[in-house]
Amino acid sequence: MTSALLQVTDLQTRFHTPEGIVHAVNGISFHINEGETVAIVGESGCGKSVSMMSLLKLIPTPPGEISSGTAIYRGTDLLQKSEREMEDIRGKDIAMIFQDPMTSLNPVLTLGRQLTESMREHLGFTKEQAEERAVQMLEQVGIPDARRRINEYPHQFSGGMRQRVMIAMALSCAPSLLIADEPTTALDVTIQAQIVELVARIRESLHMAIIWITHDLGVVAGMADRVIVMYAGFIVEEADVNDLYDSPGHPYTLALLAALPRIDRRRDHHLKSIAGSPPNLLVAPHGCPFAPRCEFVIEKCRQENPPLIQIEKNHSSACWVDVKTGAPR
Amino acid sequence: MSDSNTLVEVKNLKKHFPVTRGIILQRKVGVVRAVDGISFSIQRGETLGMVGESGCGKTTAGRTMLGLYPATDGSVIIDGDDILHARGKDQLKIRRKAQIIFQDPYASLNPRWTVNSIVSEPMRVHKLFATEKERSERAKDLLGMVGLSPHLLNRFPHEFSGGQRQRIGIARALASDPLFIVCDEPISALDVSIQAQVVNLLEKLQDQLSLTYLFVAHDLSMVRHICDRVAVMYLGVIVEIAEQNELYENPLHPYTQALLSAVPVPDPRKERARKRTILVGDVPSPINPPSGCRFHPRCPVAIEKCKDIVPEWREVSPQHWVACHLVN
């Protein structure tokens, strides 16, 4: 078995708020191998972003608290590192791009200044070297006239162009892991297609591992090797991409796929909606978090939260019921 | 041309916004041609989808049709009455027939008003019932229709989730017994599992109340599911209109083709095998739209003619209209 690039075990993140404790991430474990693309799928508030921010120690504490877990990256635990040590890792070994390219760029600094910062910091480049590399990076992500545009400010770029700049910035130190947090959600489909193609091309050339956080099961289908489905701070299913779509093993995944209209199919039925809404994270989890909305629910689900168990090779699901037969496991 | 089956008839609708410079002495330095001459009609009971990238003018078109923005030019006939040119009592009477559901369920409900005030507001404006008590009763019924419990009547918007708020917005739109509702991206702010609930609700209400919808959206998969006909907008103009299956299976305009090919399908094998037409660049500015066909700078198959001559709006097969020089 090849050793994982990143092995996360029992990660738990909470937020202490005036209303009580928000149980954002409730003990999740997963790994990612070198060069692999893993998608983390879930709705807003399912903990997909918070868990990734926790790994990079980007959670403000307080109110946040990483209350347990380890994240072994190339032999050392990220969660035990000091802020100073994390600064060396962020941007250099593990880079992150965010959903909103406008708010993640500094509006009063030129792109050149923002792009060269991490290279001068991490790689010890001089200003000239870093600028030269920044121009190359911008050209690589498809920004025309890069040498001139490097002196412009973020507002002079469109949304899609800004996301390209963010990608150029994230890749400038050739990280081994890129965490992309809904990078195309704010963009139009035509621009989304451009960005997805760009990331796929760069992944090939840099042999980089990618964690792609999204709620869009369409984008996932095209680019991920493996998919992790999250609900209410838990991982409810994990599978290779083909298996997940061919035979979803968790009622939530099943319901999500059934709730999606398909552009490649004629309409033949009403969409299957999922009744109710996601649980309130202020309430400590008890039983399976999906039980109140689940059509396969049995009594045991309300009492005991099912662990993530292997149901087939490379396919795990956290459910007391076999969704194919409807019988308890 | 229009018959009794046509509920909404839009002719050459334009909405230009002035671009000004200076704070006190404002000078007009240009115009944003957000909607630049669109014409279409909607049949009774039909759902017309309106799709396009952000900034193409689809939301502005919907709002201008209802007179929420004063139109620069053109006319909108709803159920035989001209909604844009009526004034006073006539205007109120026509506006009762046409309502809107907004995109953002957080910004479109007044946070200081109870659900009761929000939902009965249209009844108050249109003087539909004699007393507040009757209006509250009607508001309760409306909540029931949109799947909310009537005892929530005295709650405030912040006590509801996004999906529930959107239901309140729908109840408000129904309060004046409209014939026609503009649904302005009603589901794009919602999570996937909630989207299907709201879409199913809209479809149920359409059946029950014989409503006609203009469904403005950028989610092309959802539009295919919910709409009978679809109009594709680009930079303020409609480039193609067709019946839903025809448009998705036989798109004629190069922009429609590119737009459809960009939509990902939740099926890994299909998705990897698919050939995409990836458009280069972004939508140009509507302040100075390109000459000739507005799509020509991004069009993969543009010819010389496209740069200078505006393509004619033609019906190429029954009910399938397109504006492109290259379509025979």
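What follows is a chat between a colleague and a modeller about reading a few features of this predicted model.

Colleague: Let's start with helix packing. At what angle do H3(A) and H4(A) pack, and how far apart are their axes?

Modeller: Helix H3 (residues 111-122) and helix H4 (residues 127-140) of chain A meet at about 115°, with their axes 9 Å apart. The crossing of H3(A) past H4(A) is right-handed.

Colleague: And which residues make the contact?

Modeller: On the H3(A) side you'll find Gly112(A), Leu115(A), Thr116(A), Met119(A) and Arg120(A). H4(A) brings Lys127(A), Ala130(A), Glu131(A), Arg133(A), Ala134(A) and Met137(A). Sorted by class, that contact has five nonpolar, two polar and four charged residues.

Colleague: Now burial. How many residues of H10(A) are buried?

Modeller: Seven of the nine residues in helix H10 (residues 251-259) of chain A are buried, so by the cut-off each of those has 20 or more other C-beta atoms within 10 Å of its own. Among them are Tyr252(A), Leu254(A) and Leu256(A).

Colleague: What covers the buried residues of H10(A)?

Modeller: The cover includes helix H8 (217-223), strand E9 (226-231), strand E10 (234-240) and helix H9 (241-246) of chain A, and H6 of chain B also takes part.

Colleague: That brings in the other chain. Which element gives the largest share of the side of chain B that touches chain A?

Modeller: First the totals: 39 residues of chain B are in contact with 39 residues of chain A. H6(B) gives the largest share of the chain B side, eight residues. By class, that side has 18 nonpolar, 10 polar and 11 charged residues.

Colleague: Is Leu209(B), in helix H6 (residues 192-209) of chain B, buried or exposed?

Modeller: In between: Leu209(B) counts as partly exposed because it has 13 C-beta neighbours inside 10 Å. Its C-alpha is 9.2 Å from that of Gly45(B), although the two are 164 residues apart in sequence.

Colleague: Last topic, the backbone. What should I know before looking for oddities?

Modeller: Most residues other than glycine have a negative phi, and most peptide bonds are trans.

Colleague: So where are the cis bonds around Pro62(A)?

Modeller: One joins Thr61(A) and Pro62(A), with omega about -15°. Another joins Pro62(A) and Pro63(A), with omega about 5°. Pro62(A) sits in the loop between helix H1 (48-55) and strand E4 (64-73) of chain A.

Colleague: And which phi does Asp145(A) have?

Modeller: A positive one, about 60°, though Asp145(A) isn't a glycine. Asp145(A) lies in the loop between H4 and helix H5 (146-149) of chain A, and is exposed, with 10 other C-beta atoms within 10 Å.

Terms used
Residues are numbered from 1 along each chain as its sequence is written. Chains are lettered from A and ligands numbered from 1 in the order in which they are written. This is a predicted model: local features need pLDDT of at least 70, side-chain atom pairs count only at pLDDT 80 or more; totals for chains, interfaces and linings use all residues. Axes are lines fitted to C-alpha atoms, for helices over the stretch in contact, and angles run from 0 to 180 degrees between N-to-C directions. Helices (H or I, at least four residues) and strands (E, at least two) are DSSP runs, numbered from the N terminus. A crossing is left-handed if the near helix is turned anticlockwise from the far one by less than a right angle, and right-handed if clockwise. Two residues are in contact if their C-beta atoms, placed from the backbone, lie within 7 Å. Ala, Val, Leu, Ile, Met, Phe, Trp, Tyr, Cys and Pro count as nonpolar, Asp, Glu, Lys and Arg as charged, and the others, Gly among them, as polar. A residue is buried if 20 or more other C-beta atoms lie within 10 Å of its own, exposed if 12 or fewer, and partly exposed in between; C-beta atoms are placed from the backbone.
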